[in-house]
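Let's take a friendly walk through this structure together, starting at the ligand and moving on to the aromatic rings.

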Amino acid sequence: MKILGLSFSPRTQGNTVVLLNEALGGAREEGAETEIYTVAGKDIKPCDGCWACRETGECHIKDEMQELYAKLLEADGIIFGTPVYFYNMTAQGKTVIDRTIALNKPGRNLANKVGGIVAVAGSFGLVDAVKDLYFYMITRRILPASFIAAYGGGKGEVKNLEKCMKATRELGQEMVQIAAKKFEYPDGGTHIAYGTHTR
Ligand SMILES: Cc1cc2nc3c(=O)[nH]c(=O)nc-3n(C[C@H](O)[C@H](O)[C@H](O)COP(=O)(O)O)c2cc1C
């Protein structure tokens, strides 16, 4: 059982990473192997909309997203961690999310993995970040676990939120407990919107 903590913060020791490490600690207590991956300093380019991945299931952009694809596919559970930047996830996070459109083939997609969320804001905007990550999970058929929404501005400040840290550890435990149930969606994809690009 592998749980991946994915930080969308450009800070390597910031609040998002503090929370992800706590959640991963919880996952280890339940017997999982864990890894944290941060987008900080990574060369991950935006999706260019070429749609070649529709045929191949692979993204033609050969940057550091390629190593992240492998980690995402290997994981049984992914905890998405983001700071709030202008009322939503960071641009780095959205870039990663967009690039996962290339994971679209049987055996090479994110379906049936468990997804958790940790989001941190200085003051305002947590709801949109959390909601958009959940909506993303639905489109990918990721099984949603809980979320943690925390307030903290300075680097690592969330450490002082005692109840938050406890709940975050429990999120990590829950990720493993849900993944252990091995729930699988039926075959087929989600169907999203009709009338414009469909018949
Ligand atoms: C460019 C930028 C935009 C931000 N926008 C918001 C915002 O819209 N709402 C908010 O509450 N905090 C905002 N913040 C504050 C961060 O969400 C906050 O400092 C958070 O703890 C950072 O998490 P990190 O330490 O994991 O990077 C912003 C910070 C930066 C640098």
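In this predicted model, an oxygen atom of the ligand lies 2.9 Å from a polar backbone atom of Tyr87. Backbone atoms of Val120 and Ser123 also face ligand oxygen, and the table puts the three contacts side by side.

| Residue | Backbone contact with a ligand oxygen atom |
|---|---|
| Tyr87 | polar backbone atom, 2.9 Å |
| Val120 | polar backbone atom, 3.5 Å |
| Ser123 | polar backbone atom, 2.5 Å |

How much of the ligand does the protein bury? On its own the ligand would expose 640 Å², and the protein buries 78% of that. Two elements each give two or more residues to the surrounding shell: helix 1 (15-29) and strand 4 (114-121). In total, 17 residues surround the ligand, with Ser9, Thr16, Ser123, Phe124 and Gly152 the closest. Sorted by class, this shell holds eight nonpolar residues, eight polar ones and one charged residue.

Now for the rings. Searching the whole structure turns up six aromatic pairs. One of these joins Phe80 and Tyr136: the ring centres are 5.9 Å apart and the planes meet at 85°, which is over 60 degrees, so the pair counts as edge-to-face. Phe80 belongs to strand 3 (residues 77-83) and Tyr136 to helix 5 (residues 126-140), so this pair ties together parts that are 56 residues apart in sequence. Are these two residues buried or exposed? Both Phe80 and Tyr136 are buried. They also have company, as ring pairs link Phe8, Phe80 and Tyr136 into a cluster.

A second pair brings us back to a residue met at the ligand. The rings of Phe86 and Tyr87 have centres 6.2 Å apart and planes at 85°, so this pair is edge-to-face too. Phe86 is exposed, because its relative accessible area of 76% is over 50%. Tyr87, at 46% relative accessibility, counts as partly exposed. Tyr87 is thus a residue to look at twice: its ring pairs with that of Phe86, while a polar backbone atom of Tyr87 is 2.9 Å from a ligand oxygen.

Finally, which residues place a charge over a ring? Lys42 lies over the face of Tyr37, 4.3 Å from the ring centre. Arg54 has its charged end over the ring of Trp51, at 3.9 Å from the centre of that ring.

How values were computed. Residues numbered from 1 in each chain as written. Predicted model: local features only at pLDDT ≥ 70, side-chain atom pairs only at ≥ 80, totals over all residues. Heavy atoms only, no water. Near = heavy atom within 4 Å. Polar contact = N/O pair within 3.5 Å; in protein donor to acceptor, adjacent residues only side chain to side chain. Areas by Shrake-Rupley, 256 points an atom, 1.4 Å probe, with all protein chains shown as cover. Helix = DSSP H or I, 4+ residues; strand = E, 2+ residues; numbered from the N terminus. Nonpolar A, V, L, I, M, F, W, Y, C, P; charged D, E, K, R; others polar. Phe/Tyr/Trp six-rings, centres within 6.5 Å; stacked < 30°, edge-to-face > 60°. Buried < 20%, exposed > 50% of the residue type's maximum accessible area, 1.4 Å probe, protein only. Lys NZ or Arg CZ within 6 Å of the ring centre and 35° of its normal.
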